[in-house]
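Here are some friendly notes to read with the model open beside you. They start with charged pairs, move on to one helix, and end with the chain as a whole.

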Amino acid sequence: MDAVSLARFQFALTTVYHFFFVPLTLGLVIIVAIMQTLYTFKKEEVYKRMTKFWGKLFLINFAMGVVTGIVNEFHFGMNWSEYARFMGDIFGAPLAIEALLAFFLESTMLGVWIFGWERISPKLHLLTIWLVAFGANISSLWILIANSFMQQPVGYAINHGRAEMIDFFQLVFNPHIFTQFPHTVLSGFVTGAFFVMGISAYHLLRKNEQDFFTRSFKIAAIFGLISSILVAGVGHAQGQHMVQVQPMKMAAAESLWETEAPAGFSVIALIDSAQRKNVFDIKIPAMLSFLASNNFTAEVKGINNLQAEYEARYGPGNYIPPIEVAFWSFRIMVGLGFLMILLALIAVWAVYKEKLLSIPWFLTLLIYSIAFPYIANTAGWFLTEMGRFPWLVFGLFKIEDGISPNVSVNM
């Protein structure tokens, strides 16, 4: 394994592990805040116990997210110093704002929330957890602003081989962020919802504090249903934006080798990347055209055509991402997304029909479904980052150019 591949593998490993904790932070803190809101205004002791129980799990997850995030940042100086040199002027600004504004707000208010029980007024104490929730989600916004530049560079100029920011507001209002941010945050909401539903289901099966966990389940089910439906809608919009700015990523996600009008959606395919064709596939006619542009007759560019376009624009080279990874990552993400909508819908129905305890098979399934949003989130980021191959910064900076010059492989 060469130095570039090893550095990519190491960064991917630590990033995926870190991102196990981030989405749950975004979603679980909102659920905890909702529970405390119910306690503050309804004055029912069960909601206070719920707030503290799920709040402890949030704190553990938050701590793990911070620790793994710190480890992740060391890669920029150790393995990817040339990337840091190229992107430092742009990448540094939103990350600094994230740390100094959003993370400080989140961590400070979290400390007040932990030690503020019975010490400050109930409504002021409630405000602290909502500020934690606000800080956590705004923190993700600034990180995604930095990532969005890598997907769609805006507001920059190249000086002395570096990308330098010339318009801060173009960076902040990058068109890419308007779909990437809500899609990521809503995915976190779904993660939090299925986490609470799964753990509640575990306790309900064992008949532990049924009122406590039924109420927890109800809040999470409603929250999860709304969030999962919104994820699908925003994801559709994000896919259409991707067609405009990174058409190769969409073509790779569909293993669409030749331009088609209308283009069919491949439900399943046997891909031969060496021959640049699908040996076998099952398609829904015209569906890809609709997904790409809300038009059943629209043209969608294929991989081979885009490869020729990119060679003419950027010079000779391979601009085709790992097709199998992009294709199956997309289907895992979307398939699990629709499955979670179905599960959340059944969960809401079961709660309101008071049938939750009479369908143990469903509760058992929900325990295992805790893993579904984690798998979907990971698959989504595989598509987002590996589908951009061979670029670190799309159209500007390639992966092999970002590696530290002193990194080598010694076996």
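1. A definition to begin with: a salt bridge here is a side-chain nitrogen of Lys or Arg within 4 Å of a carboxyl oxygen of Asp or Glu. Searching the whole structure on that basis gives 10 salt bridges. Please keep in mind that this is a predicted model, in which side-chain atom pairs count only at pLDDT 80 or more.

2. I would look at Arg215 and Glu44 before the others. Their closest N and O atoms are 2.7 Å apart, making a salt bridge. This pair ties together distant parts of the chain, 171 residues apart: Arg215 sits in helix 8 (residues 210-245), while Glu44 lies in the loop between helix 2 (22-42) and helix 3 (45-78). Are these two side chains out in the open or covered? Arg215 is partly exposed, at 25% relative accessibility, and Glu44 is partly exposed too, at 29%.

3. That bridge also has company. Asp211 belongs to a network of salt bridges together with Glu44 and Arg215, so it is worth displaying the three residues at once when you inspect this spot.4. Glu82 and Arg85 make a more local pair, both being in helix 4 (residues 81-115) and three residues apart, which is about one helical turn. Their side chains form a salt bridge with an N to O distance of 3.2 Å. Glu82 is partly exposed at 24% relative accessibility, and Arg85 is partly exposed at 35%.

5. Lys283 and Glu260 are a further pair to check, with 3.0 Å from N to O in their salt bridge. Here again distant parts of the chain are linked: Lys283 is in strand 4 (residues 277-284) and Glu260 is in the loop between helix 9 (247-253) and strand 3 (265-272), 23 residues apart. Lys283 has a relative accessible area of 31% and counts as partly exposed; Glu260, at 25%, is partly exposed as well.

6. Now for helix 11 (residues 303-314). Its 12 residues reach 16 Å from the first C-alpha to the last, close to the 16 Å expected at 1.5 Å a residue. Straight after this helix comes Gly315, with a positive phi near 105°.

7. Which residues of helix 11 are buried? They are Ile303, Asn304, Leu306, Gln307 and Tyr310. These residues lie on the same side of helix 11, because they cover an arc of only 160° around the axis. Ala312 and Arg313, on the other side of helix 11, are exposed. The cover over the buried residues includes helix 9 and helix 12 (323-352).

8. Stepping back, the chain holds 14 helices and six strands. Its radius of gyration is 23 Å, close to the 22 Å that the globule rule gives for 411 residues, so the chain is as compact as a globular protein of that length. Along the principal axes, the C-alpha atoms fill a box of roughly 65 × 50 × 45 Å.

9. Two last figures on packing and one on surface. Of the 411 residues, 51% count as buried. Among contacts between residues at least 6 apart in sequence, 78% join residues at least 24 apart. The accessible surface comes to about 18900 Å², with 68% of it belonging to carbon and sulfur atoms.

Notes:
Residues are numbered from 1 along each chain as its sequence is written. This is a predicted model: local features need pLDDT of at least 70, side-chain atom pairs count only at pLDDT 80 or more; totals for chains, interfaces and linings use all residues. Side-chain values use heavy atoms; hydrogens and water are left out. Helices (H or I, at least four residues) and strands (E, at least two) are DSSP runs, numbered from the N terminus. Buried means under 20% relative accessible area, exposed over 50%, partly exposed in between (1.4 Å probe, protein chains only). The expected span of a helix is 1.5 Å times one less than its number of residues. The arc is that of the directions from the helix axis to the C-beta atoms. Contact means heavy atoms within 4.5 Å. The radius of gyration is taken over C-alpha atoms; the globule rule is 2.2 Å times the number of residues to the power 0.38. Accessible areas come from the Shrake-Rupley method with a 1.4 Å probe; for residues, only the protein chains shown count as cover.
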